[in-house]
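Student: I am new to this structure and would be grateful for a close look at one helix and its surroundings. Please begin with the chain as a whole and then turn to that part.

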Amino acid sequence: MEVREFDSPAKNTWCLGCGNFNILAVVKQVMAELVESGDVKSEQIVISSGIGCHGKISDYIKVNSFYCLHGRVVPPLMGMKVGNQRLKVIGFAGDGDAYDEGVSHLIHTARRNLDATFIVHDNQVFALTTSQVTPTTPIGFKTKSVPKGSFESPLNPLHLMLACGATFVARGFTGDIPHLRSLILQAVRHRGFAFIDVLQHCPSFNPTLEKFKPKVYDLNKEGHNVEDFAAALEKAKEWNDRIPIGIFYQVKKEIYEKQLLGDRLLAEEKPLPSVQSVLQEFM
Ligand SMILES: Cc1ncc(C[n+]2csc(CCOP(=O)(O)OP(=O)(O)O)c2C)c(N)n1
Ligand SMILES: [Mg+2]
């Protein structure tokens, strides 16, 4: 399986040098590897993406996809997996999309441990709408919406996901492509809700690449125990001279759709019930 088989003919309109290009390249490599190694067939991979610059990723990968409303990346993932447990589903959201408009979906799907991967393109800004603050915008960051600098305490997405019970909690960085590739591959192979907050540079509104590069380090090379919840919380606090990336937490837990359906595969149950007959049950 060649990576270019996932290339789409759509014209790419991201800004030159956008971190989204790095995420796109890595994801296509991971998909090719998954198909090559027999994990899935390409027609079993389905992605969903939100509204924002990141959302265009659905146009740029040739797999089945669902382009969602703003903040609604997660509900289609839930529907797909409940309908067909054999699918490999991956959601792509922006930091605004995931932590602002869509945060309630994210919370409940993480705690349910749906078998899905959720990748956040975290550029700390609403980029498509040309720079307003999001929940991860740092204090002091100046944009059109806060010309004197943001004064709101930012959300820590890793703490949020740990508190919700996500079974794979990680951080990636668009400035370290081999690391990001390995991280996304492990996330997609994880059985359960795999969450990655990707620190993504935005050349137009938040050019963090050079700022983060000297600080970022791989916590999995420094003896971090990924099964230690307290250590994961502690590591997730670190955000000054050093910024950890990698897997903070990973544990095994039964997945949502298995508990709901056992081995039933609704998509193959024939004849598919009519909408009327389903509604009849509730009359
Ligand atoms: C319900 C709703 N609210 C607001 C918008 C306007 N809107 C479109 S894109 C966007 C910003 C998206 O930011 P983010 O999710 O961080 O993605 P990025 O553009 O940074 O990749 C907003 C607010 C919308 N389309 N729908
Ligand atoms: Mg954003």
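Tutor: In this predicted model, the protein chain contains eleven helices and eight strands. Its radius of gyration is 19 Å, close to the 19 Å that the globule rule gives for 283 residues, so the chain is as compact as a globular protein of that length. The C-alpha trace spans about 60 × 45 × 45 Å along its principal axes, and 43% of the 283 residues count as buried. Among contacts between residues at least 6 apart in sequence, 71% join residues at least 24 apart.

The part chosen for the close look is helix 3, which covers residues 74–83. Its buried residues are Val74, Pro76, Leu77, Met80 and Lys81. Viewed down the axis of helix 3, these residues fall within an arc of 160°, and they therefore line one face of the helix. As background, an α-helix has 3.6 residues a turn, so residues three or four places apart point the same way. The buried residues of helix 3 pack against four strands and two helices named here: strand 1 (45–49), strand 2 (64–67), strand 3 (88–94) and strand 4 (116–122), together with helix 5 (103–112) and helix 10 (256–261).

Strand 4 leads on to a further point of interest. The loop between strand 4 and helix 6 (157–164) holds Gln124, and Thr130 is also found in the loop between strand 4 and helix 6. Most residues other than glycine have a negative phi. Gln124, although not a glycine, has a positive phi of about 60°, and Thr130 likewise has a positive phi, near 65°. Their surroundings can be set side by side: Gln124 counts as buried because it has 23 C-beta neighbours inside 10 Å, whereas Thr130, with 12 such neighbours, counts as exposed.

The wider setting includes the nonpolar cores. The largest has 61 residues, and those with the most contacts inside it include Phe168, Ile184 and Phe193. Helix 1 (residues 19–36) gives the most to this core, with eight residues. Apart from it lies another core, of six residues, among them Cys53, Val125, Ala127 and Cys202.

Ala127 appears again at ligand 1, where it is one of the closest residues, together with Gly52, Gly94, Gly96 and Asp97. In total, 19 residues surround ligand 1: six are nonpolar, ten polar and three charged. Helix 4 (residues 95–101) gives the most to this shell, with four residues.

Note on methods
Residues are numbered from 1 along each chain as its sequence is written. Chains are lettered from A and ligands numbered from 1 in the order in which they are written. This is a predicted model: local features need pLDDT of at least 70, side-chain atom pairs count only at pLDDT 80 or more; totals for chains, interfaces and linings use all residues. A nonpolar core is a set of buried Ala, Val, Leu, Ile, Met, Phe, Trp, Tyr and Cys residues joined through C-beta atoms within 7 Å. A residue is buried if 20 or more other C-beta atoms lie within 10 Å of its own, exposed if 12 or fewer, and partly exposed in between; C-beta atoms are placed from the backbone. A residue is near a molecule or strand if its C-beta atom, placed from the backbone, lies within 6 Å of it. Ala, Val, Leu, Ile, Met, Phe, Trp, Tyr, Cys and Pro count as nonpolar, Asp, Glu, Lys and Arg as charged, and the others, Gly among them, as polar. The arc is that of the directions from the helix axis to the C-beta atoms. Two residues are in contact if their C-beta atoms, placed from the backbone, lie within 7 Å. The radius of gyration is taken over C-alpha atoms; the globule rule is 2.2 Å times the number of residues to the power 0.38.
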